[in-house]
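This report describes one protein chain from its coordinates. The sequence and the structure are shown first.

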Amino acid sequence: MSLFNKVKAVYNNVGYQCRLLGEVIYPRRCAVCQTEIDTGYFCEVCRKNFALHKTVEGFDNLDKVLMLYKYHQNLQEAIHNVKFAGEKSLLPLLKEEAQLGAKDDLARLLTDCDIITCVPTSPERKAERGFDVPAEIFAFFNSERWQPNLLKRVRNTLPLFDLEPSLRKQEVAGCFEVKQSILGKSVLICDDIFTTGSTLSEAALALRKAGAKSVTALAFTASKDNW
C-alpha cells in the first residue's frame with residue numbers, strides 16, 4: 001500500500017470513529033421515519049421500501065447488471081447532496097447501505113470476478129469534490145480485487161441527466177481508458193446511478209477492448225424507468 005493510501009486509510013478510520021462517537025450522544029436515525037438505527041441510512045422497514053434488487057442480463061456490453069435500490073425520494077436527495085452540495089458525511093452511511101443491499105450477492109459477486117472497479121469521475125470534478133462517489137460508496141470491497149482506479153476518463157463529458165439517451169451515448173463515446181492489463185479477467189464495475197446505462201456500457205466496452213473476459217455491473221441505485 002502506498003504512503004498516500006495509508007494516510008487516507010488512517011484519515012478515513014479516524015473520521016469514522018469520530019462519527020460513531022457522535023452517535024453515542026446523538027443516535028443515528030432512519031432518513032425516512034427517524035427510527036433509531038445502528039447502521040446504514042434506513043431502518044429495515046424503509047430499506048425494504050427502497051430495495052429494488054433487480055438483475056438485467058445481456059445489457060449492451062455488459063453480461064449482467066444488478067441494481068440494488070430505487071433512485072427515489074430520500075435516496076435521490078442523499079446522492080444529489082453528496083454530488084452537488086459536497087455533503088461528505090453521508091458517504092459512510094451510503095457505503096453501509098450499499099453493503100447491506102448487496103449482502104445476499106456478495107459471495108457470488110466475489111466468486112465470479114477477478115477485479116472490482118468503478119466508473120471514474122473526471123479529474124476536474126474529482127478535484128472539485130475531493131472524492132469519487134462510486135469509489136466511496138463501494139469501498140467496502142476493500143480487498144486485493146478492489147481496484148477503483150483501473151479506469152481513467154481521458155476527456156471531460158457534459159452532465160448526462162439532461163441529455164436524451166442517444167445523445168448520452170454520443171457524449172460518453174471513447175471517454176474511458178484502461179490503465180493496466182486485464183487480459184482474460186472477469187471485471188465487476190460499480191456505479192452510483194443506473195439511468196440509461198450509457199456510461200456503464202461505454203466503460204464496459206473499454207474493458208472488453210482491453211481484453212476483459214466478462215463485465216458485470218453493480219449499481220447502487222436505478223432510475224424509475226428501470227424498476
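The text below covers confidence, the paired strands, the aromatic pairs and two individual residues.

**Confidence and overall content**

The model is predicted. Mean pLDDT for the protein chain is 87, with 83% of the residues at 70 or more. A weak stretch is residues 4-11, where pLDDT stays under 50. For residues 4-11 the model has two contacts beyond four places in sequence.

Nine helices and seven strands make up the secondary structure of the protein chain. The chain has 227 residues, of which 44% count as buried. Among contacts with a separation of 6 or more, 69% are between residues 24 or more positions apart.

**Strands S2, S3, S6 and S7**

How many of the residues of strand S6 are buried? Strand S6 covers residues 186-194, and nine of the nine are buried, so the strand is largely enclosed by the rest of the structure. Strand S7 (residues 214-222) is mostly covered, with eight of its nine residues buried.

Strand S6 pairs with strand S3 (residues 115-118) in the parallel sense, over four bridges. In this pairing Thr-117 stands opposite Ile-189 of S6. Strand S6 also runs parallel to S7, and eight bridges join the two. Strand S7 in turn runs parallel to S2, joined to it by six bridges. Individual bridge partners with one residue in S7 are listed in the table.

| Residue | Bridge partner in S7 |
|---|---|
| Tyr-69 | Thr-221 |
| Cys-190 | Leu-218 |
| Asp-191 | Ala-219 |

The connection from S6 to S7 includes a helix: S6, helix H9 (residues 198-209) and S7 make a right-handed β-α-β unit.

**Aromatic pairs**

A pair of aromatic rings is described by the distance of the centres and the angle of the planes. Seven aromatic pairs are found in a search of the whole structure. One of them is Tyr-41 with Phe-42: the ring centres are 5.2 Å apart and the planes stand at 65°, so the pair is edge-to-face. The cut-off for that class is an angle over 60 degrees. Tyr-41 has 13% relative accessibility and therefore counts as buried. Phe-42 is buried too, with a relative accessible area of 1%.

Tyr-69 and Phe-220 also form an edge-to-face pair, with 5.5 Å from centre to centre and 75° between the planes. This pair links distant parts of the chain, since Tyr-69 lies in strand S2 (residues 62-70) and Phe-220 in strand S7, 151 residues apart. Tyr-69 counts as buried at 1% relative accessibility. For Phe-220 the relative accessible area is 0%, and this residue is buried. The two strands that carry this ring pair are themselves joined, as six bridges run between S2 and S7. Tyr-69 takes part in both kinds of link, with Phe-220 as its ring partner and Thr-221 as its bridge partner.

**Trp-146 and its surroundings**

Phe-138, Phe-140, Phe-141 and Trp-146 form one aromatic cluster. Where in the chain is Trp-146 placed? Trp-146 is in the loop between helix H7 (133-137) and strand S4 (151-153). Is Trp-146 buried or exposed? Its relative accessible area is 12%, so Trp-146 is buried; the limit for that class is under 20%.

Leaving aside residues up to four places away in sequence, Trp-146 touches Ile-116, Thr-117, Cys-118, Ala-135, Phe-138, Ala-139 and Phe-141. Two cluster members, Phe-138 and Phe-141, are among these contacts. So is Thr-117, the residue that stands opposite Ile-189 in S6. Between Trp-146 and Leu-188 the separation is 42 residues in sequence and 9.4 Å in space, C-alpha to C-alpha.

**Asn-74**

Asn-74 is in helix H3 (residues 73-84). A polar atom of the Asn-74 side chain lies 3.1 Å from the backbone oxygen of Ala-31. Which residues does Asn-74 touch, not counting those up to four places away in sequence? They are Ala-31, Val-32, Tyr-41, Phe-42 and Phe-50. Asn-74 thus touches both Tyr-41 and Phe-42, the rings of which form the edge-to-face pair with centres 5.2 Å apart.

Methods
Residues are numbered from 1 along each chain as its sequence is written. This is a predicted model: local features need pLDDT of at least 70, side-chain atom pairs count only at pLDDT 80 or more; totals for chains, interfaces and linings use all residues. Side-chain values use heavy atoms; hydrogens and water are left out. pLDDT is the predictor's confidence in each residue, from 0 to 100. Contact means heavy atoms within 4.5 Å. A polar contact is a pair of N or O atoms within 3.5 Å; within protein, one must be able to donate a hydrogen and the other to accept it, and residues adjacent in sequence count only if both atoms are side-chain atoms. Buried means under 20% relative accessible area, exposed over 50%, partly exposed in between (1.4 Å probe, protein chains only). Two strands pair if DSSP finds at least two bridges between them. A crossover is right-handed if, with the strands pointing away from the viewer, the path from the first strand over the helix to the second runs clockwise. Rings of Phe, Tyr and Trp (its six-membered ring) pair if their centres lie within 6.5 Å; planes under 30 degrees apart count as stacked, over 60 as edge-to-face and the rest as tilted.
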